[in-house]
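Open the model in your viewer and keep the selection box handy. We'll go stop by stop, saying what to pick and what you'll find there.

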Amino acid sequence: MKLLRKIAVLFLMLTSVSSLNAQISPKSVDDLMAYFKNNFQNLDPIEGAYDVNIEQWGENAYRQFPSETTNITMLIYKSLSGDFKIYRNDQITIKRIGITPAYNYNIFWEGSNVTDSKRFVLEEKSLFNVKYSIPDRQLRYDMGRNYQAGFKVNFVCSFIKTYPSYDMYVEKAEESKMDEMQLKEWTGTGFALKDGYVVTNYHVIENAKSISIQGVNGDFAKQYNATIVATDKYNDLALLQITDNSFKGFGTIPYSVKTTVSEVGEDIFVLGYPLTSTMGDEIKLTTGVISSKTGFQGDVSLYQISAPIQPGNSGGPLFDNKGNLVGIVNAKHKGVENVGYAIKTSYLKNLTESSISTSILPNNNQTAGLPLTGKVKSLKNYVFMISCSNQETNHIVSNNVSNNTNEGHQTYTQSNNYIEYPIIGSTTAEQAKIKSVRLTEEYTAIEIISNNQSGSGYYEWCNIDRNTYISANGKQYTMNKAEGIKIAPEKTYFTHAGQDITFTLYFPPLPESVKSINLIEKIDSDWKFYGIKIR
């Protein structure tokens, strides 16, 4: 369609023109590329060179015209105003929203004096998509008498950063490791939930390549290997699970998790393993009160507490005077005596419910009537020392992980090219789980189970977008085919409420260097899985 091509040319001109950079005056592409190279560690995550795939199509009330696809290169950098610009483009401005990975993509349409704003999230510091349509006023301006009411021109722009490259950051990190003596082992505290799950802080297990747990049932001679099941980096929580075949369970956990907000002035106590190198590995007790229902700088996710805490207390339990778990210790106020912080248990409940299909929060308080000495004696066998290392372990670690579901006990298994029930960092897909990932030289296959949890019969359905992709190390791999599920706009229907369907999505093969992937259906979809561990 000639008219659509004309508008597409206008768009490509728009994307190929900016105010001066905050630190340089970019007179050429070479200027900007040299700037990126020399300053890549200090750039905003959005800055860099991008390969941009632009899909465009027109439509009216009666039909959709065939789409056209174009690839161009865009250079994004910070301007003197503090906003982000595209080189040689005065009509697009990108603004970061606070210190989040979200940005606004603002397009000024000069002919109609209209500014259109679209929000996007920068994923993995290297990927984002923008969808928009040319405003009606601009179309009337461009088309004049040829404009017909209801005609639309739509764009989907997929950005993949190509420079600075992922390898540059990796190489710089390796150089830093060689220049500095890095901590190789460290400890924190954790505590028991049902079914072999253990809670600690995210910052305790961050960058750990091996995790072990001591003190189960009071036995410090035995170390159990653990794997990460789910994390909440923002709220500093991590959910682990003991993976040793020799583990026989915790038995009956003698405390309940209280998720209602505690009051200022309530007596509390903390159990943990602080400063084990100098204070020893015997469990330590400190007591105090809840000083405030908000934490540092008014953070509503935290309590402020007066119980003294030290490095190593991180991830430990905060109990009220009845022995209910009310928080998870995570920080102290540096330079201030007896001011610490603990994460409210409602955030722990959110993490467990979003990552585990059954309830794992203990609810049987057996210590309420005991004196403090009795409470400590009863509870200490369920509070553990978490030992972490950023070095690979030399001993063989069991690959079996218990996953309790409504169907009973399942086993997670892993081989070099097949991963069953892989560990997932986080997901927005409430009604789906990844059953397996298969890696071959010809393809990458992801098997998914989706549940009609809220369905009521034949009216419920699901499908998959044809542009679904996996991302890894700054690259996207678009889906080749799907088995067991229809590709949108076709639909796969459930036949009854609670029904499961299993389907498989196929993608191009991945390099052996890829350790984890993200699965994204599309930018506005609930089908997103982040941090899927495949090696």
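How many bridges join β9 to β20, and in which sense do the two strands run? Seven, and β9 and β20 run antiparallel. Two strands count as paired here if DSSP finds at least two bridges between them. Helices (H or I, at least four residues) and strands (E, at least two) are DSSP runs, numbered from the N terminus.

Some ground rules before moving on. This is a predicted model, in which local features need pLDDT of at least 70 and side-chain atom pairs count only at pLDDT 80 or more, while totals for chains, interfaces and linings use all residues. Residues are numbered from 1 along each chain as its sequence is written, and side-chain values use heavy atoms, with hydrogens and water left out.

**Stop 1: the barrel**

Select β9 (185–192) and β20 (residues 383–389). Look for Thr 189, which stands opposite Met 385 in β20. Now add β11 (residues 210–216): five bridges join β11 to β20, again antiparallel. Here Ile 211 sits opposite Cys 388 of β20.

Stay on β20 for a moment. Seven of its seven residues are buried, where buried means under 20% relative accessible area, exposed means over 50%, and partly exposed is in between (1.4 Å probe, protein chains only). In a regular strand the side chains alternate between the two faces of the sheet. In β20 both faces are covered: Val 383, Met 385, Ser 387 and Ser 389 are buried on one side, and Phe 384, Ile 386 and Cys 388 on the other.

Next, bring in β12 (219–232). Four bridges join β11 to β12, which run antiparallel, and Gln 214 stands opposite Gln 223 in β12. Add β10 (197–200) and β13 (237–242) to the selection. You now have a closed barrel of six strands, β9-β10-β13-β12-β11-β20, with antiparallel pairing. The twist averages 40° from one strand to the next. Axes for such angles are lines fitted to C-alpha atoms, for helices over the stretch in contact, and angles run from 0 to 180 degrees between N-to-C directions.

**Stop 2: the helix on the barrel**

Select α7 (residues 345–355). This helix packs on the sheet, touching β9, β10, β12 and β13, and its direction makes about 50° with that of β13. Contact means heavy atoms within 4.5 Å.

Which residues of α7 are buried? Show Thr 345, Leu 348, Leu 351 and Thr 352 as sticks. Look down the axis of α7: its buried residues fall within an arc of 110°, so they line one face of the helix. That arc is taken from the directions from the helix axis to the C-beta atoms. What covers these residues includes β18 (325–332) and β19 (340–344), along with β9, β10, β12 and β13.

**Stop 3: the cores**

Colour Ile 205, Ile 211, Leu 239, Phe 250 and Tyr 255: they have the most contacts inside the largest nonpolar core, which has 53 residues. A second, separate core of 30 residues includes Ile 92, Met 143, Phe 151 and Cys 157. A nonpolar core is a set of buried Ala, Val, Leu, Ile, Met, Phe, Trp, Tyr and Cys residues joined through side-chain atoms within 4.5 Å.

**Stop 4: the open sheet**

Jump to β28 (residues 469–472), which pairs with β29 in the antiparallel sense over four bridges. Ile 470 has Tyr 477 of β29 as its bridge partner. Zoom out for the open sheet of five strands, ordered β24-β34-β33-β28-β29, with antiparallel pairing. β24 (424–427) and β29 (475–478) stand at the edges with a single partner strand each, so one side of each is left without a neighbour in the sheet. Neighbouring strands here are turned by 20° against each other on average, direction ignored.

**Stop 5: salt bridges**

The structure holds six salt bridges, each a side-chain nitrogen of Lys or Arg within 4 Å of a carboxyl oxygen of Asp or Glu. Start with Glu 263 and Lys 293, at 3.5 Å, N to O. Glu 263 lies in the loop between β13 and β14 (267–272), and Lys 293 in the loop between β15 (284–292) and β16 (302–305), so the pair ties together parts that are 30 residues apart in sequence. Glu 263 is partly exposed at 45% relative accessibility, and Lys 293 is partly exposed at 32%.

Then pick Lys 258 and Glu 266, which meet at 4.0 Å, N to O. To finish, select Glu 483 and Lys 481, whose closest N and O atoms are 3.4 Å apart.
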